[in-house]
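Colleague: I should be grateful for a close look at a single part of this model, namely the packing of one pair of helices. Please set the pair in the context of the whole chain as well.

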Amino acid sequence: MKKTVWMAAAAGALLVFFAGGCGSAAPAGESAPAQEAPKAAAEAAAPKQAGPKKILILYYSLAGGNTKSIADQLQQATGADIERIEPQTPYSGSYDDIVAQGKREVDEGYRPALKDLAHQPEDYDIIAVGTPTWWYTMAPPVLTLLSEHDWSGKTIIPFQTHAGWPGHTLEDMQAAAPGAEFRYPLQVQFDHQTLASPQADIDSWLADVKTIL
Ligand SMILES: Cc1cc2nc3c(=O)[nH]c(=O)nc-3n(C[C@H](O)[C@H](O)[C@H](O)COP(=O)(O)O)c2cc1C
């Protein structure tokens with residue numbers, strides 16, 4: 001029952017969300033379709049860059065580890081470097097405490113300070129960025145991450161986990177990382193810690209990502 005607090009609040013908010021006709025996110029449980037790469041034509045004409053592209057996976061995941069489980073699958077499929085981003089002050093207290101703190105932080109656009117990364121996104125061509133959904137958007141540590149780096153010329157592969165209300169997470173990630181090309185966004189639903197989206201959607205995403213390495 002630990003998710004009842006945000007779910008109860010979410011139920012009220014959702015009425016407004018759907019009644020307002022603002023539901024641009026993919027339906028719960030469906031992975032969003034792969035986006036067309038804006039520069040596809042130019043890329044096709046240009047000589048292919050020699051050698052494999054360097055890929056880094058950066059993700060945030062609370063204790064439940066849903067987002068970690070997707071990050072781990074991507075790491076196994078690609079052999080990428082992988083790192084969990086960590087706020088300098090870890091979230092603590094009960095789940096309900098964290099839900100309440102998360103709401104305050106999301107409402108304020110708060111960016112918690114992060115521990116130093118062992119891997120720098122600047123050293124990679126492609127960075128997969130994973131987040132749980134917190135109040136219809138990315139978790140605040142991921143907002144910090146995206147805000148603190150120059151993503152110009154980088155490809156970002158965003159992935160999010162959620163419990164049925166993915167919100168505007170992917171759009172917000174894109175807005176927080178100007179200059180990056182976003183490809184192959186993925187949304188995965190969990191029922192608590194149980195995968196609710198088809199594993200086949202994740203497998204298909206993994207195969208798509210491998211095509212650009
Ligand atoms: C602070 C907080 C806010 C949440 N807000 C949402 C939400 O808006 N929509 C949703 O579907 N799930 C929401 N959830 C549930 C998580 O997104 C979901 O359980 C996710 O898979 C957890 O990933 P993790 O185990 O990697 O942290 C929220 C969870 C927390 C802790």
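Modeller: The account below begins with the whole protein and then turns to the helix pair, the ligand shell and some loop residues. The model is predicted; local features need pLDDT of at least 70, side-chain atom pairs count only at pLDDT 80 or more, and totals for chains, interfaces and linings use all residues. Residue numbers start from 1 along each chain as its sequence is written.

The protein has seven helices and eight strands, taken as DSSP runs (helices H or I, at least four residues; strands E, at least two) and numbered from the N terminus. Of its 213 residues, 33% count as buried, a residue being buried if 20 or more other C-beta atoms lie within 10 Å of its own, exposed if 12 or fewer, and partly exposed in between, with C-beta atoms placed from the backbone.

Two packed helices are described by the angle between their axes and the distance between the axes. The axes of helix 3 and helix 7 (residues 199-210) cross at roughly 45° and come within 10 Å; they are lines fitted to C-alpha atoms over the stretch in contact, with angles from 0 to 180 degrees between N-to-C directions. Helix 3 and helix 7 are therefore oblique to each other, given that angles under 35 degrees count as roughly parallel, over 145 as roughly antiparallel, 65 to 115 as roughly perpendicular and the rest as oblique. The crossing of helix 3 past helix 7 is right-handed, that is, the near helix is turned clockwise from the far one by less than a right angle. Helix 3 contributes Ile 70, Gln 73, Leu 74, Ala 77 and Thr 78 to the contact, and helix 7 contributes Ile 202, Leu 206, Val 209 and Lys 210; contact requires C-beta atoms, placed from the backbone, within 7 Å. By class, this contact has six nonpolar, two polar and one charged residues, where Ala, Val, Leu, Ile, Met, Phe, Trp, Tyr, Cys and Pro are nonpolar, Asp, Glu, Lys and Arg charged, and the others, Gly among them, polar.

Of the 24 residues around the ligand, Ser 61, Gly 64, Thr 67, Gly 102 and Pro 132 come nearest, the criterion being a C-beta atom, placed from the backbone, within 6 Å. Helix 3 (66-78) is one of the elements that give two or more residues to this shell.

Among the loop residues, Trp 135 lies between strand 3 and strand 4 (137-138). Trp 135 is buried, with 21 other C-beta atoms within 10 Å, and its phi is near 50°, a positive value in a residue other than glycine.

Methods
Contact = placed C-beta atoms within 7 Å.
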